[in-house]
Amino acid sequence: MIRHILFDLDNTLYAPQAGLMDELDRRIVRYFAEELGLRLPEAVRRQAEYCWQYGSCTEGVLRDAELDLDAFLSAVHDIPVEQYLAPDPRLDALLRRLPQEKWIFTNAPQEYARRVLEALGVAHHFRGIFDIRFMDFVGKPEPTAYRRVLEAIGARGKECLMVEDAVANLAPARALGMTTVWVTPKGGPSPPWVGVALSDLMELESALRSKEDGS
Ligand SMILES: [Mg+2]
């Protein structure tokens, strides 16, 4: 029985077309360029390297002695999110209908996550936010992050469902017994650790129902 739903934040609770993640990426590149004295193409490469090597840019920054992690997180996430996001009544209604406990599990910092949830008008649905500081800056897809979340909510993996747009972040969830839902507007073949692939988060309810029926 699924008692908890762990939601990723960016590009999961809102669609990529909102443009917020694109702006985050631009800010990361600008930050690398300014702080490390890189030209833009080099800064783009650095960002890609960090994401590839560590799974998240934040972990790359954490390990880069030249960069200050708190300054990085503030500079990158200090975005007027209201310019990109609007209250989403359909999301609000969906979350209201789901009886499970809902949590945010994000590699972004807490204060940014809260602003995103408020801009979407859905903050009141969530019991809590597990952010990059909660994970000691070693975020998804590092398995320790998932174990820490399970411990904090007092649940076993099989009692949880995780919803994510970044498919690699679902592999450790599946390994811990969670039901995995991949939100993928573009579609495409699902890796074996994906339980259900949805082109739209609004299909979550029926996916959950068929999962509960089948187990
Ligand atoms: Mg995401």
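Here are some worked exercises on the predicted model shown above.

**Exercise 1: the two domains**

Task: work out which stretches of the chain make up each domain, and how many residues each one brings to the contact.

Solution. Start with the assignment: domain 1 takes residues 4-15 plus 84-214, and domain 2 takes 20-81. Next, look at the spacing, where the C-alpha centres of the two domains sit 24 Å apart. Now go to the contact between them: domain 1 puts in 17 residues and domain 2 puts in 12. Finally, sort the domain 1 side by class, and you get 11 nonpolar, three polar and three charged residues.

**Exercise 2: two packed helices**

Task: describe how H1 packs on H2, and name the residues that meet.

Solution. For any pair of packed helices, you want the angle between the axes and the distance between them. Here, H1 (residues 20-36) and H2 (residues 40-54) pack at about 115°, and their axes are 8 Å apart. The crossing is right-handed. Then pick out the residues: H1 offers Ile28, Val29, Phe32 and Ala33, which meet Leu40, Ala43, Val44, Arg46 and Gln47 of H2. Sorted by class, that contact holds seven nonpolar residues, one polar and one charged.

**Exercise 3: the faces of H4**

Task: find out which residues of H4 are buried and why they can be said to line one face.

Solution. First, list the buried residues of H4 (residues 69-77): Phe72, Leu73 and Val76. Then look down the helix axis: these buried residues fall within an arc of 95°, so they line one face of H4. Flip to the other side and you find Asp70 and Ala71, both exposed. Last, ask what the buried residues pack against: H1 and helix H3 (57-63).

**Exercise 4: Glu66 and Arg90**

Task: decide whether Glu66 and Arg90 are buried or exposed, and give the C-alpha spacing from each to a residue far along the chain.

Solution. Take Glu66, in the loop between H3 and H4. Count its neighbours: 8 other C-beta atoms lie within 10 Å, and exposed means 12 or fewer, so Glu66 is exposed. Its C-alpha atom is 8.2 Å from that of Glu35, although 31 residues separate the two along the chain.

Now Arg90, which belongs to helix H5 (residues 89-97). Arg90 has 10 other C-beta atoms within 10 Å, so Arg90 is exposed. Arg90 and Leu204 are 114 residues apart in sequence, with 12 Å between their C-alpha atoms.

**Exercise 5: backbone oddities**

Task: locate the cis peptide bond, then say where Asn11 and Asp136, which have positive phi values, are placed.

Solution. Begin with the cis bond: it joins Lys140 and Pro141, with omega at about 5°. Pro141 is in the loop between strand E3 (128-130) and helix H7 (143-153).

That loop between E3 and H7 also holds Asp136. Asp136 is not a glycine, yet its phi is positive, at about 55°. With 12 C-beta neighbours inside 10 Å, Asp136 counts as exposed.

Asn11, another non-glycine residue with positive phi, has a value near 65°. Look for Asn11 in the loop between strand E1 (4-7) and H1. Asn11 has 17 C-beta neighbours inside 10 Å; buried takes 20 or more and exposed takes 12 or fewer, so Asn11 counts as partly exposed.

Methods
Residues are numbered from 1 along each chain as its sequence is written. This is a predicted model: local features need pLDDT of at least 70, side-chain atom pairs count only at pLDDT 80 or more; totals for chains, interfaces and linings use all residues. Domain bounds come from an automatic or database domain assignment. Two residues are in contact if their C-beta atoms, placed from the backbone, lie within 7 Å. Ala, Val, Leu, Ile, Met, Phe, Trp, Tyr, Cys and Pro count as nonpolar, Asp, Glu, Lys and Arg as charged, and the others, Gly among them, as polar. Axes are lines fitted to C-alpha atoms, for helices over the stretch in contact, and angles run from 0 to 180 degrees between N-to-C directions. Helices (H or I, at least four residues) and strands (E, at least two) are DSSP runs, numbered from the N terminus. A crossing is left-handed if the near helix is turned anticlockwise from the far one by less than a right angle, and right-handed if clockwise. The arc is that of the directions from the helix axis to the C-beta atoms.
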